[in-house]
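Good morning, colleagues. Please have the sequence and the structure open as I speak, since I shall go through the charged side chains and then turn to the chain as a whole.

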Amino acid sequence: MAHEETQEKNGHTATVVEQGRFCLARCTCGWRGPARRARSRARTDAEEHTEAHTGEDAGGHPGEHGEP
């Protein structure tokens, strides 16, 4: 598994990783984006995740990660 790049903003650090033929974004808060064939789309997922938390704390966000 190779790490490609990191998006850091508002206490969220989202990294794009490769898994076989797919890429996905992961965040230190526990969030995981969907598997994508296009690296650029995984980067966009990471950017959208970090932007969505502008002004929020670095804590977890219940329900956002598929958690009850």
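Glu18 and Arg39 form a salt bridge, in which the closest N and O atoms lie 3.0 Å apart. The two partners come from distant parts of the chain: Glu18 sits in strand β2, residues 12–19, while Arg39 belongs to helix α1, residues 39–52, and 21 residues separate them. What we are looking at is a predicted model, and every distance I quote is computed from it. The side chains of Glu18 and Arg39 also count as making a polar contact, at 3.0 Å.

How accessible are these two residues? Glu18 is partly exposed, with a relative accessible area of 25%. Arg39 is partly exposed as well, with a relative accessible area of 39%. While we are at Glu18, please note Arg36, which stands 18 residues away from Glu18 in sequence. In space, the C-alpha atoms of Glu18 and Arg36 are 9.4 Å apart.

Let me move to the helix. Asp45 and Arg41 meet through their side chains in a salt bridge, with an N to O distance of 3.4 Å. Both residues lie in helix α1 and are 4 residues apart, which is about one turn of the helix. Arg41 has a further partner in Glu48, and in that salt bridge the closest N and O atoms are 3.8 Å apart.

Which residues are linked in a network of salt bridges? They are Arg36, Arg41, Asp45 and Glu48. In total, the structure holds 4 salt bridges.

Is Asp45 buried or exposed? Asp45 has a relative accessible area of 5%, so it counts as buried, the cut-off being under 20%. Its partner Arg41, at 32% relative accessibility, is partly exposed. Glu48 is also classed as partly exposed, with a relative accessible area of 45%. If we set aside the neighbours within four places in sequence, the residues in contact with Asp45 are Ala25, Trp31, Pro34 and Arg36. Arg36 therefore appears twice in this account: it is in contact with Asp45, and it belongs to the salt-bridge network.

I turn now to the cysteines. How many disulfides does a search of the whole structure find? The search finds 0. Cys29 is in no disulfide, and the nearest cysteine sulfur, that of Cys27, is 3.6 Å away. That distance explains the result, because a disulfide requires the two sulfur atoms to be within 2.5 Å. Cys29 counts as buried, at 17% relative accessibility. Cys23 is buried too, with a relative accessible area of 4%.

Next, the overall architecture. The protein chain contains 1 helix and 3 strands. Read from the N terminus, these elements follow the order β-β-β-α. Of its 68 residues, 32% count as buried. The chain exposes about 4200 Å², and carbon and sulfur atoms supply 45% of that area. Considering contacts between residues at least 6 apart in sequence, 30% join residues that are at least 24 apart.

Finally, a word on confidence. The average pLDDT of the protein chain is 79, and 71% of the residues score at least 70. Where is confidence lowest, and where is it highest? The lowest mean, 67, belongs to strand β1, residues 2–9, and the highest, 95, belongs to strand β3, residues 22–27. Over residues 58–68, pLDDT stays under 50. For that stretch, the model has 11 contacts beyond four places in sequence.

To close, I would ask you to keep two items in view. One is the salt bridge between Glu18 and Arg39, which links strand β2 to helix α1. The other is the network of Arg36, Arg41, Asp45 and Glu48, in which Asp45 is buried at 5% relative accessibility. Thank you for your attention.

Conventions:
Residues numbered from 1 in each chain as written. Predicted model: local features only at pLDDT ≥ 70, side-chain atom pairs only at ≥ 80, totals over all residues. Heavy atoms only, no water. Helix = DSSP H or I, 4+ residues; strand = E, 2+ residues; numbered from the N terminus. Buried < 20%, exposed > 50% of the residue type's maximum accessible area, 1.4 Å probe, protein only. Polar contact = N/O pair within 3.5 Å; in protein donor to acceptor, adjacent residues only side chain to side chain. pLDDT = per-residue confidence, 0-100. Contact = heavy atoms within 4.5 Å. Areas by Shrake-Rupley, 256 points an atom, 1.4 Å probe, with all protein chains shown as cover.
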